[in-house]
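Reader: Could you take me through the reading of a helix and of a strand in this model?

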Amino acid sequence: MKVVVGMSGGVDSSVTALLLKQQGYAVTGLFMKNWEDDDDSDYCSTRQDLVDVASVCDVIGIDLEVVNFSAEYKDRVFADFLREYEAGRTPNPDILCNSEIKFRCFLDHAMQLGAERIATGHYAQVREWTNDGRTEYQLLKAEDGTKDQSYFLYRLNQAQLAKTLFPLGALYKREVRKIAEQAGLHVAAKKDSTGICFIGERPFREFLMRYLPTKPGEIRSLDDERVLGEHQGLMYHTIGQRKGLHIGGLKGNQDEAGEHDAWYVAKKDIKANVLYVVQGHDHPALLRDRLVATDLNWIAGRDPHTNWVYTAKPRYRTPDQPCEIDRIADGRAEIAFAQPQWALTPGQSVVVYESKVCLGGGIIV
């Protein structure tokens, strides 16, 4: 079986290609160039990543293809990213990149190359499941709970999962690095990439200012409407944000030790261009026990049960939270949590699980 592996130059995709080659697949590596606005800057590692991919393919003994999806990325992912921020929301472009680029553009290109499957280095699993005589493909969490990436894959559909392999789903990160080291792959100890793919390690606000001009407005206390300072644009702030407000010296609530509580972003008034803040991590304005999600995608192609106990992630780094789906109608889902959730953020994704199975999710409004 011919498999095309999406290779980024990191240890995960390198070991993915290695394992498939060892298992007898006819493997081709494919490097995707998705961003080129400033790929010669200190923050963009595209050139070095391609060098690393070529070296790994040479050691493994597989062919390498290079394809440029920059135009598709700009149209399908980055344009949406800017629109969301301009509207005052906080999107996660890596989720959209997976559904639109890695599992659509890449998948289509791989099929044109004659592949029967694609594979990536994501920590997740696919299970073929028979339900009422119908074959379904389930997206499962990875065995390594600290690296599970099913949250970023919840927008995939049956057709995409049917053509996808995740060889690392049953492995732990430490095992992956050990496999790479034993195979003599020089990327065995390479640092994992962090942050949004096209921004890299650069300061986020500095990057965003290149595309969205500043729009100064007032920072006010949500409790008493006091003007506390000035922001440079609502798009530069997110719900729950603490750092970068530059109002830390103002007097307000005090804790038992007599120290002033920190300020947190609690609300954005887009029409009035006002950023509202509150003091204290546990301020009631930062806590919600329910949310509404739109832009829904249910992987099985049908709605999950309402009034059924599931778990959900309202952001990637939070543990699974017990919840119920109260209602699904008009392209929206109402989700109630057993415990209040902190700083639920419009634009972010909420992903619903039943045990290890990722059912899908949507975008918080």
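The dialogue below takes up one helix and then one strand.

Author: This is a predicted model, in which local features need pLDDT of at least 70, side-chain atom pairs count only at pLDDT 80 or more, and totals for chains, interfaces and linings use all residues. Residues are numbered from 1 along each chain as its sequence is written, and side-chain values use heavy atoms, with hydrogens and water left out.

Reader: Which residues of α2 are buried?

Author: An α-helix has 3.6 residues a turn, so residues three or four places apart point the same way. In α2 the buried residues (under 20% relative accessible area, 1.4 Å probe, protein chains only) are T46, D49, D52, V53, V56, C57 and I60. They cover an arc of only 135° around the axis, taken from the directions from the axis to the C-beta atoms, which puts them on the same side of α2. On the other side of α2, R47, V51 and D58 are exposed, that is, over 50%.

Reader: What do the buried residues of α2 pack against?

Author: Their partners are α1 (11-22), β2 (26-33) and β3 (63-68), where contact means heavy atoms within 4.5 Å.

Reader: Which strands pair with β12?

Author: Two strands pair if DSSP finds at least two bridges between them. Strand β12 (residues 287-298) runs antiparallel to β15 (residues 332-342), with six bridges joining them, and L291 stands opposite I335 in β15. With β17 (residues 357-364), β12 pairs in the antiparallel sense over four bridges, and there N297 stands opposite G361.

Key. Helix = DSSP H or I, 4+ residues; strand = E, 2+ residues; numbered from the N terminus.
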